[in-house]
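Me: I have a structure to read and do not know where to begin. Could we go through it one feature at a time?

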Amino acid sequence: MPRVAWFALLLAPVVHAAEPVTVEKIDAVVTAELKKQKIPGVAVAVIHNGKEVVAKGYGLANVEHDVPVTADTIFQSGSVGKQFTSAVIMLLAEKKKLSLDDTISTFFPDAPARWNKVTVRHLLTHTSGIPDYTDELDLRKDYTEGELAKLAFAQKPAFAPGEKWSYSNTGYALLGFIARKASGKFYGDILKDDVFAPLGMKTARVISEVDIIPHRAAGYRLEKRKLKNQEWVAPSINTTADGALYVSIRDMVAWDKCVRDGAVLTADSWKQVFTPVKLNGGKTAGYGFGWAVDEDRGQLHHHHGGAWQGFTTHISRYRGDDLSVIVLTNLAGADPGGISEQIAGLYNPKLGPKPAKGEK
């Protein structure tokens, strides 16, 4: 089957901005938000009609050492990493290492019976009913995968599998454990060998505090409007598949090209990734596998945000305008999605920030 992007057929008519969008206009948006939001550093990429318009850094990657952000600066992905986890699962499905309809008991035979109807597909689409176990975690404790799985299965189901949509980091952590059980390899090694290397994502990898990682940014938070370093978490918490990757903006440009070209996965797999999940009652929720999938002001919109340990991230792909905007920041509580929306508005005013309530 040819590896083409199935969703190219779904593109709406392109709407052009009244005036050409220059790098200077993008710079103005980003630098204004950098100041307004008190963000130390930002990396931004804009790809329009398949061409890279900009991929660059603004501000500081490390405030203490006065190191500027560049296109090579490494940020934490946060939950933007979930789309890479979904790619790992689809690769394993293509190789018949697992099925999306396999139940949790296939991989965890000792899991409580109440989880027996939860499938890999439910985990991918956040429809499993497994609540987030984030509040149950001791972030200063190193857990084994088995201990984290046991903690997940100790949760009380929020709803029957497929009945509702509810975001669950726990479900994606379990997908990483399932990848190891199905393949015998750590999900991060599958990413390295079968996704990052083929795509030329030279600096993307699972987080490590031990390794020497050139161009690594520091993460920050605001406490009473004063900048503070991110809070430390145990190393094992930063290796799970719910969003624990290092990426540069150059890595993300390569990933956007992969998605555009339908590379790495088959066309059928990509189609499943971007198909909104159908709930038991017949309604759909605006989420596929690791991507939010919905309509935004008349065009198909694939997007996802992330926030973790002093970093916030966002990727938006507006299919009608053939526009991708990727924003990586090193500040907890920042709004990279808002920056992305402002940049999108330069290309199509309809995509700009919506007026606040009471405004016209």
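Reply: We can begin with a contact between two helices. Phe-84, Thr-85, Val-88, Leu-91 and Leu-92 in H2 meet Tyr-187, Ile-190, Leu-191, Asp-194, Val-195 and Phe-196 in H7. Sorted by class, the residues of this contact of H2 with H7 are nine nonpolar, one polar and one charged. Keep in mind that this is a predicted model.

Me: At what angle do helix H2 and helix H7 pack, and how far apart are their axes?

Reply: Helix H2 (residues 82-94) and helix H7 (residues 187-199) pack at about 80°, and their axes are 10 Å apart. That angle makes H2 roughly perpendicular to H7, because 65 to 115 degrees counts as roughly perpendicular.

Me: Which residues of helix H1 and helix H10 meet?

Reply: From H1 come Lys-25, Ile-26, Val-29, Val-30 and Glu-33, and from H10 come Ile-339, Gln-342, Ile-343, Leu-346 and Tyr-347. By class, the contact of H1 with H10 holds seven nonpolar, one polar and two charged residues. The general idea behind such spacing is that an α-helix has 3.6 residues a turn, so residues three or four places apart point the same way.

Me: How are H1 and H10 placed relative to each other?

Reply: Helix H1 (residues 23-36) and helix H10 (residues 336-347) pack at an angle of about 155°, with their axes 10 Å apart. H1 is therefore roughly antiparallel to H10. The crossing of H1 and H10 is right-handed.

Me: Is Leu-346 in helix H10 buried, partly exposed or exposed?

Reply: Leu-346, which lies in helix H10, has a relative accessibility of 24% and counts as partly exposed. Sequence and space can also be compared here: Leu-346 and Glu-19 are 327 residues apart in sequence and 8.8 Å apart in space, C-alpha to C-alpha.

Me: How many residues of helix H6 are buried?

Reply: In H6, 12 of the 15 residues are buried, so this helix is largely enclosed by the rest of the structure. Among them are Asn-169, Tyr-172, Leu-175, Phe-177 and Ala-182. The buried residues of H6 pack against H2, helix H3 (104-107), helix H4 (120-125), helix H5 (145-153) and H7.

Me: What span should helix H6 have, and what is the distance between its end C-alpha atoms?

Reply: At 1.5 Å a residue, the 15 residues of H6 (residues 169-183) should span 21 Å. The end C-alpha atoms of H6 are 22 Å apart, which agrees. Just after H6, Gly-184 takes a positive phi of about 85°.

Me: What do the same two checks give for helix H8?

Reply: The 13 residues of H8 (residues 249-261) should span 18 Å at 1.5 Å a residue, and the end C-alpha atoms are 18 Å apart, which agrees. As for burial, 10 of the 13 residues of H8 are buried, so H8 is largely enclosed by the rest of the structure. The buried residues include Ile-249, Asp-251, Trp-255, Cys-258 and Arg-260. Just after H8, Gly-262 has a positive phi of about 70°.

Me: What is the phi of Val-264, and where does this residue sit?

Reply: Most residues other than glycine have a negative phi. Val-264 is not a glycine, yet its phi is positive, at about 70°. Val-264 sits in the loop between H8 and helix H9 (267-273), and at 18% relative accessibility it counts as buried.

Me: Where is Asp-322, and what is its phi?

Reply: Asp-322 is in the loop between strand S11 (311-318) and strand S12 (323-329). Asp-322 takes a positive phi of about 50° although it is not a glycine. With a relative accessible area of 13%, Asp-322 is buried.

Me: Is Lys-278 buried or exposed?

Reply: Lys-278 is exposed, with a relative accessible area of 60%. Lys-278 belongs to the loop between H9 and strand S9 (292-296). Beyond neighbours within four places in sequence, Lys-278 is in contact with Lys-283 and Thr-284. The C-alpha atoms of Lys-278 and Thr-125 are separated by 9.5 Å, with their places 153 residues apart along the chain.

Me: Is Pro-198 in helix H7 buried or exposed?

Reply: Pro-198, a residue of helix H7, counts as exposed at 54% relative accessibility. Leaving aside neighbours within four places in sequence, Pro-198 is in contact with Lys-192 and Asp-193.

How values were computed
Residues numbered from 1 in each chain as written. Predicted model: local features only at pLDDT ≥ 70, side-chain atom pairs only at ≥ 80, totals over all residues. Heavy atoms only, no water. Helix = DSSP H or I, 4+ residues; strand = E, 2+ residues; numbered from the N terminus. Expected span 1.5 Å × (residues − 1). Buried < 20%, exposed > 50% of the residue type's maximum accessible area, 1.4 Å probe, protein only. Axes fitted to C-alpha atoms, helices over the stretch in contact; angles between N-to-C directions. Parallel < 35°, antiparallel > 145°, perpendicular 65-115°, else oblique. Left-handed = near helix turned anticlockwise from the far one by under 90°. Contact = heavy atoms within 4.5 Å. Nonpolar A, V, L, I, M, F, W, Y, C, P; charged D, E, K, R; others polar.
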